[in-house]
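Thanks for coming. I will show one structure and talk through a helix pair and the enclosed spaces.

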Amino acid sequence: MNKSYGTIRKISGQVRKWVVLPLLFIGLSSTVLAQTPPRISSSVDTTAIKIGEQIRFTVTVETDSAASVIFPEGQTFSPLETVEALKTDTTRRLDRMTLQKIYALTQFDSGTYLLPIQRIEIDGKGYFTDSLMVSVSTVEVDTVSKEFYDIKPLIPVEKAGASIPFYVWIILGSLLVLGALLWYILRPKPLTQEEEEAMMPPYDRALLELKRLENSKYIIQEEYKKYYSELTEIVRSYLEEDVHISALESTTDQLIAKLELMKDAGELRIEEETITQFKRILDTADLVKFARSKPESSRAEEDRKAIEQIVIKTKKAIPEPTEEELMEQAAYQEELKKKKLRQKRVQVALATAAVIVLGLIATVFYYGIDNVRNTLIFRSSKDLLEGEWVSSSYGYPPVDLSAPEVLLRQEAEISPDEKNDIQDRQVFSFYNPDNMLGVGTSSIILSKQEEPDYQKSIDQILKGFVDRGARNIITKQEEFSSASGVPGIKVYGSAIYQREEGGERIRGKYAIILFGGKGFQQQVILSWEEGDPYAEEIIDRIINSIDVKTQV
């Protein structure tokens with residue numbers, strides 16, 4: 001019994017040694033690995049390039065597979081420029097992952113530049129890469145084997161005669177075409193025979209149509225159905241227009257009954273014998289049209305003559321129109337004239353629109369759609385560019401520049417945080433909300449006789465952009481020289497601005513130009529809407545006019 005119990009204890013000890021202890025080691029190892037901090041490393045493929053060549057800057061991050069990693073974006077490598085940021089390469093192994101991000105950087109000015117420290121954000125905590133120096137050299141020019149020549153002098157050219165601009169020809173041609181179309185539309189046109197007959201009084205038209213029927217070949221060809229159909233239609237149309245009864249849609253009996261009623265009412269002074277004769281002809285016409293009856297040719301001719309006499313007698317039997325009827329007829333004629341006039345106006349409008357469209361197409365074809373669009377679409381920046389400019393000095397130390405409007409003095413308070421560094425600040429600005437064109441100058445007297453901190457000033461200005469709603473700010477930096485050669489710094493780029501609080505967002509551009517010396521600094525801040533060619537010209541003109549004093 002004791003021997004068996006000792007054997008069991010020995011086996012249990014071995015189990016703890018070979019099973020429990022390794023499991024405990026694995027658990028401790030997992031805890032240690034989970035707490036391993038991220039590792040950041042960076043490298044470049046070269047530290048010496050020529051102007052325009054590219055450096056491949058590689059950032060490698062090794063961290064937990066569930067970590068959130070944010071790499072730098074945009075122009076954060078200034079003074080080097082970002083050409084391209086390649087897609088992040090990710091490799092996973094167990095609960096760890098390795099991220100690799102490659103940036104293509106370049107510089108177009110020779111010199112030695114500091115590739116700044118880059119911030120990598122991992123789970124909300126910042127980690128930084130190492131900084132390093134990059135040498136950019138110029139491209140050597142072969143002045144030995146290549147032969148150089150002097151600049152050729154100007155060649156005088158005879159001044160050609162003043163040529164008429166193309167758009168003038170377009171306007172003249174459009175006016176000529178428009179005039180021709182209007183003449184064609186508005187000219188008095190000769191009436192056709194059908195139109196002349198349609199404008200004849202019903203009585204005259206009926207007699208003319210009866211005469212034409214007399215000269216027809218219907219009787220010779222024994223086409224009595226067509227003959228009587230036209231004969232009855234002529235007389236029915238006349239009665240409907242001149243006597244004002246619905247004759248075309250009435251049967252023979254209905255039409256005769258209407259004539260009898262009008263005779264009894266005194267509205268038509270016609271003899272009973274005439275009505276009886278008319279009914280006989282209508283009955284004959286019905287037999288010919290519907291019963292295929294064939295009367296004698298002499299009878300058909302007599303019926304036509306009888307109808308002619310019925311028309312004449314009916315015309316005489318119609319009472320003279322009353323004053324009210326005459327006024328109604330006059331009103332009808334006036335309305336008819338107005339209708340024709342409206343039709344003419346519509347035709348003129350269509351012709352004018354067609355000429356304008358053709359002229360616009362020709363203008364776009366010659367000048368290009370962008371130039372035409374910028375001319376037709378109202379842009380307040382165009383008025384500013386073409387208006388009278390103002391050249392003036394602003395602040396102390398002074399900043400000289402030309403602008404489309406006078407810059408007005410602004411209240412510039414110095415915050416408690418700035419009082420240790422700034423003694424005085426003078427600000428002048430102009431802003432047009434229609435095109436986001438802003439021009440501002442700032443002259444600053446420092447509290448100490450030392451060189452200004454340009455980077456701090458740039459950060460404060462960009463922070464001001466963000467506070468006013470700007471997003472996605474892209475920044476570039478380069479050296480700058482004023483009109484008189486004073487060196488400075490130019491920071492420029494683009495951003496998405498907000499026109500007003502809660503308003504629409506629009507892409508714009510900006511430029512910040514800084515000068516300074518011991519104890520002072522001068523700033524020029526410009527902003528404008530991207531894609532506005534007139535604003536671009538305004539900004540270029542302002543920048544080319546900037547000049548500053550080098551001493552206080």
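What follows is a short account of one helix contact and then the cavities.

This is a predicted model, where local features need pLDDT of at least 70, side-chain atom pairs count only at pLDDT 80 or more, and totals for chains, interfaces and linings use all residues. Residues are numbered from 1 along each chain as its sequence is written, and side-chain values use heavy atoms, with hydrogens and water left out.

First, the helices. Helices and strands here are DSSP runs numbered from the N terminus (H or I, at least four residues; E, at least two). Helix H4, residues 202-214, packs with helix H8, residues 297-317, at an angle of about 170 degrees, and their axes are 11 Å apart. That makes H4 roughly antiparallel to H8, a term for angles over 145 degrees. Axes are lines fitted to C-alpha atoms over the stretch in contact, and angles run from 0 to 180 degrees between N-to-C directions.

Now the cavities. A cavity is a set of points on a 1 Å grid over the protein atoms alone where a 1.4 Å probe fits but cannot get out, and lining residues have an atom within 4 Å of a point. There are two cavities of 30 Å³ or more. The largest holds about 40 Å³ of space, volume being the space filled by probe spheres set on the points. Among the residues lining the largest cavity are Leu239, Phe278 and Thr314. H7 gives the most to that lining, with three residues.

For the second largest cavity, strand S17, residues 471-481, provides the largest share of the lining, three residues. Pro79 and Lys476 are among its lining residues.

Terms used
Angles under 35 degrees count as roughly parallel, over 145 as roughly antiparallel, 65 to 115 as roughly perpendicular and the rest as oblique. On a 1 Å grid over the protein atoms alone, a cavity is a set of points where a 1.4 Å probe fits but cannot get out, and a pocket is an open set with protein on both sides within 12 Å along at least five of seven lines; lining residues have an atom within 4 Å of a point.
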